[in-house]
Amino acid sequence: MSATATARRWVFAGALVLAVLAALRLVVPVGSVPGRMLASVLDVGYASSVLRLTVPIAFAALGGIFAERAGVINIGIEGFLIVSALTTVIVARRLPWAGVTGPAALWLAFLVGVLVSVAVAAVFAVLVVRYRSNQVIAGLAVWLIALGLAPFITFTLFDSSSPTIDTFGTWSVPLLSELPVVGPVLFDASPTVYMLLVATPLAWYALRYTRLGRRIRACGENPKALATGGVSVSRVRYAGVLISGVLAGVGGAGFTVGQVGTFVAVGQTSINGRGFLGIVAYLFGNYNPFAAVGGAMLFAGFDSLQLRLQQIGALDIPAELFGILPFVVVLVTITLVRRTRVPAALGEPYEGEE
Amino acid sequence: MDTAVSLTDITKRFDDVVANDEVDMQVERGTVHALLGENGAGKTTLMNVLYGLYRPTAGEVYVDGDRAEFDSPQDAIAAGVGMIHQHFMLVEPMTVRENIALGWEPVTHGGLKTDDARIDTEVRELSERYGLGLAGDLDTPVEQLSMGARQRVEVLKALYRGADVFIFDEPTAVLTPQEVEELFDIFSQLTAQDKTIIFITHKLGEALTAADGITVLRDGERVGTVDAAGTTREQLAELMVGREVLLDVDRAARGASGDDTRLSVSDLAVTDDRGEPAVQGVDISVRGGEIVGIAGVDGNGQEPLVEAVTGVRDADAGTVRFDGEAVTGLSRRERLDRGLAHVPGDRQEQALVMEFDLVQNAVLGSQHRPPFGRRGRIDWGAAREHAEAVIEEYDVRPPNPDLPARSLSGGNQQKFVVGRELSREPDVVVAAHPTRGVDIGSKEFIHERLLAMREQGAAVLVVSASLDEVVQLSDRIAVMYEGSFVDVVPGDAATEEQLGLLMAGEQPDEPVPTGAGR
Amino acid sequence: MSRALPEGLRRTLRRFAGLSAVERVLVSGAAVVVALLVGAVMLLGSGYVASCREPALFLAGTSFCFDPVAVYAAMYQGAFGTPVNQALTLQRMTLLIFTGLAFAIPYRAGLFNIGAQGQFVLAALATTVSLLALGPLVSGPVATAVLVPVGLLAGAVVGGLYGLLPGVLKTRYGTNEVISTLLLNFIATGVAVVIVKRAFNNPEIQGTVTRSIPEAATLQPWLFPPGTRFSVPVLAATLLLVGGFWWLLNRTTLGYDIRVLGRQQAAAVFGGVDDDRVTVLSMVIAGAVAGLGGGLYVMMVVGRWQVGLPALGFDGIAVSVLAGNNPVGLVPAGLLFGALQSGGLAINFQLGIPRELVDVLRGLVILLVATPELFRIVGRRLQRQGRLRPAGGESG
């Protein structure tokens, strides 16, 4: 994990962003429509929404880190997100029939969503570790299956393709939320944001200091070293993939019940590529949880920008361009600032264990 | 006399191949014992038996007087046997501390945190006691450490797991001379505390320096066990290499070759995959009608040298010329077009596509030019004829060109590869380990063919770890050691003992008569 | 050495010679069967949950709205029952062959081209735009002869360029093509939408749609009823193209280079293959073929570009995987998936079953084909129980 390479990327990305803003500033007269836009964009509401939109991408990224550092390519994270989002909505809608309502129902739905994601991850893990499935294709397959399951189940169970549910709303931390700027952004937010703020350092800590975390890291670099230490490589790989299932599950479930309160099941679904953005985020962040979340924030930043600009009013730059801007930025960055140190044994099935 | 390790009558068979044939070895506690022999002598296999990676086909292992039946390295470790492999089992981006404790980590706080403090205390204590000097480096990622330091991490790893017997597999292969001295110091420190050391090596000089006792293996058998103190280098060389001479193939007088230099290498320098200099300042010229053999133990730069000459790898510096024309900047395909034939050391990865049948493999390297490739199309009829011709002439069995390469035995694969390459009517032939893993009959056949190339006026360069082979074939012999040629001698001038010494990095007492020399 | 081979060796050799192809076909077949079974379970499940006037099936005391057997029968009818249905199946099959080739060719060279969808989308737009531009300039009987090639060419060129990009990124910068092609898909869709909205939007129709291409450029059905949006000559040409690619892979130097590079990179270096050149060429070819598919989609099926193009690019991956990444195999695999899709539409229409069921089957099939070990282990177990004769073993 070369710290200098990661730092270099951040500088590059930051410079890119600043350059874009600077260019806009130069081109755009204050007081005009765009000028007002620029001003409104750089405000507290924007920061809050960025943080909120970061959640699904960041959890996908954190999940991906665990799987890949254990040596398993997990392209199908998008599928985990879709499945957990879908499940959460279904359960949240159905629980009232069983007499469970209110916040309890929402949290239960959240939990079930995560569990289903873990179940899917378990199946993926077995196929890939035990049955040596082609990891890239299996991951794509998981995603494609999820893309099909979502509308199928939704149409079967509901009349619309985008059922709605309640959301968690926001939690306010007393006192701290009164702080200027930081207060409303960090301390008056959806519980999923708090989960992210906790999960990120936890992930970093786990990889660095816990026994399992270290074994996961060893597994992706040199599984033989692990095997000669008497540890089962398969078990560690299972653990990595299952953990990615948990984290992705939180991302997907949190996205629906924590934020948007709905799930569009058709086409690319509400998730709309955020799982892939997560993958790119951790590649960009060199498998470091903090850097990966930073990358996720970058994408969420553009995402949120687009929404805000739409709100402001007629603007010449189409929303779609903003939608693809994160992908473009990332593609450019990954190409020019290469040197992502990929785990040495990534994607190689481990022989020598039955 | 306290025997720490006793191997009795160990035989290990893999299908038809007998890797160890009734080998005995006893090692006294608190001593250093060297296991000496050429490539393929069976040293690593024997130690893999001791370390639990293999079950012996026959024979018994005793550790500390107790019968040992290891099913896995874990059993061996539990019995106090630790192994330091030639290719370190380290996770490079992780720290020294993390590597040492991998799989054995103590935990605190109900399993939530590895007890780094405890690891540190133990490791520091061990480092102190055995003079390993890593106490200050526990936080350093292993990839930042020198090879010598990494090796010491491996030693600490074994100590941390409670090893009493340490097996080192070719420990000096990756070390600088200073690091080698430090390693031998560590041996002393370990044995001073009653630890037992066995190290595998092909370098007899080191065996004499560092070991108390030496067991010599050759072709799977134990040919001798001696005390280092009373033994000379020549005696060891004789044991290692033996006086066995294969049938002397009929050949024209040595040194009878043309005047023109067909292959010339000047001041070649090549870096290997790790970024280390593997070939340094190599010069050699091969004339038409001459065979120059490169003798040496694997890993002294022969492979990068061959790769650079044949265009598989770029050289860092120096020139390669075919028939006077500089090819150093030319691509692989261009070199092939200029009359190069290359029999590589790794037939399974390079020379053959294992899933392809022999017809498809027959055109590998010539697929773009006549008679096989014309204007972008491949003439499979011609390819099939060619495959059949090679199969026929080189007696490849089974003689079915539609079989995938992977279904042939190693010897037949090699015969096919040699046949394909030599049938190009090449000007320059580079053959690396041409008879590795090949049965006797095929070996002789391949040798005959190489000599035939020589008759036809090609410049032939042969690299081999087998001294017999090199001596048999070569008009001149260059001995390669640590990236350069220590000497180039006429084929029949040097005795095997002298060559063995040169290969081991030693200089023979009586210099070899130069004759034609470089 | 005796010429007579020992029996065991002879048996082993027979197992090695040519059986891995058979094994692959078996695995593909088994994958389809298992997927259909899972689909049946899904139908039962959704039939249990859904509400309907009269249950189609009564099993073990519970009523199900859907009877899997009836559903599959309806799917079959929907795929092959009438000429109109057949046309739809063949249409899909044709397009899937193109996107399938776009995955198969790079795969043989050792690359994962996940970007066929993006290549397809942009090429479709290019075809539309070029035809819209050129349309007013030609008329009369000459029009078709001019417009059709132009449309196809535009698609192939743009698709090829969009395949060139990840190819160059890979050879020049080492950028992993899985990630780059994946990202480029999203980028392509966004860019296409923007271009249409800004420059080519049809003012008369709601939504992001272009105007229709000239009539002369649409490919008319021949043997099939008008309006079926399928052209037999196109299918014939497609089959020729498949043959052409088979020929490319197996009979040309480039094809040989591609195959060696895809199998063993060390052998490719040894054999003088220029791996950069082959990599880029494979990606360009793939993009161009996907682009042709896009062009055909516009000219044969919808006659314009609109948001929400079908996911033929990803379906192509599934088809290719099922076909063992072999051009010839794409034909039966394409037919199967084409049938699944048109069948899926039919059951959607008639029975109200979401046609995304087919998407799930698609994913399942490739998941199973990508895990041959699963079938091998099951096969071995059945063998041991004496139920199966040895059909394939240590190959592949």
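This section describes the overall build of chains B and C and a set of local features in chains A and B, all taken from a predicted model.

Chain B combines both kinds of regular secondary structure, with 17 helices and 24 strands. Its C-alpha trace extends over about 70 × 55 × 45 Å along the principal axes. The radius of gyration of chain B is 25 Å, which agrees with the value near 24 Å that a compact globule of 518 residues would have. Of these 518 residues, 58% are classed as buried, and among the contacts of chain B with a separation of 6 or more, 68% are made by residues 24 or more positions apart. The accessible surface of chain B amounts to about 20,200 Å², and carbon and sulfur atoms account for 44% of that area. Charged side chains in chain B comprise 49 positive and 92 negative groups, and the centres of the two sets are 5 Å apart.

The domain assignment divides chain B into domain 1, covering residues 3–245, domain 2, made up of the two segments 248–339 and 427–518, and domain 3, covering residues 359–424. Taken over C-alpha atoms, the centres of domain 1 of chain B and domain 3 of chain B are separated by 44 Å.

In chain C the secondary structure consists of 15 helices and two strands. For its 396 residues the globule rule gives 21 Å, and the radius of gyration of chain C, at 23 Å, is close to this value, so chain C is as compact as a globular protein of that length. The C-alpha trace of chain C spans about 80 × 70 × 40 Å along its principal axes. Buried residues constitute 54% of the 396 residues of chain C, while residues 24 or more positions apart supply 72% of the contacts in this chain that have a separation of 6 or more. About 16,800 Å² of chain C is exposed, and 63% of this surface comes from carbon and sulfur atoms. Chain C carries 28 positive and 16 negative charges, the mean positions of which lie 6 Å apart.

Attention now turns to individual elements and residues. In chain A, helix H9 runs over residues 211–221, and nine of its eleven residues are buried, so that this helix is largely enclosed by the rest of the structure. The buried positions of H9(A) include the charged residues Arg214(A), Arg215(A), Arg217(A) and Glu221(A), and they also include Gly213(A), Ile216(A), Ala218(A), Cys219(A) and Gly220(A).

Most residues other than glycine have a negative phi, and most peptide bonds are trans. Departures from both patterns occur in the model. In chain B, the peptide bond leading from Pro370(B) to Pro371(B) is cis, with omega near 5 degrees, and Pro371(B) is situated in the loop between helix H12 (358–361) and strand E19 (373–374) of that chain. A cis peptide bond also links Arg397(B) to Pro398(B), with omega at about 0 degrees, and here Pro398(B) belongs to the loop that lies between helix H13 (380–393) and helix H14 (410–422) of chain B. The loop between H13 and H14 of chain B also holds Asp395(B), a residue that has a positive phi of about 55 degrees although it is not a glycine. The relative accessible area of Asp395(B) is 29%, and the residue therefore counts as partly exposed, a class that lies between the limits of 20% and 50%.

A positive phi is likewise found in chain A, where the value for Arg132(A), a residue other than glycine, is near 50 degrees. Arg132(A) is placed in the loop between helix H5 (102–130) and helix H6 (135–157) of chain A, and its relative accessibility of 26% makes it partly exposed.

A further loop position in chain A is Val264(A), which lies between helix H11 (233–260) and helix H12 (274–284). With a relative accessible area of 31%, Val264(A) is partly exposed. Apart from its neighbours within four places in sequence, Val264(A) is in contact with Ser161(A), Ser162(A), Thr269(A) and Ser270(A). The C-alpha atoms of Val264(A) and Arg274(A), which are ten residues apart along the chain, are separated by 14 Å.

Key. Residues numbered from 1 in each chain as written. Chains lettered and ligands numbered in written order. Heavy atoms only, no water. Helix = DSSP H or I, 4+ residues; strand = E, 2+ residues; numbered from the N terminus. Rg over C-alpha atoms; globule rule 2.2 N^0.38 Å. Buried < 20%, exposed > 50% of the residue type's maximum accessible area, 1.4 Å probe, protein only. Contact = heavy atoms within 4.5 Å. Areas by Shrake-Rupley, 256 points an atom, 1.4 Å probe, with all protein chains shown as cover. Charge placed at Lys NZ, Arg CZ, Asp CG, Glu CD. Domains from an automatic or database assignment.
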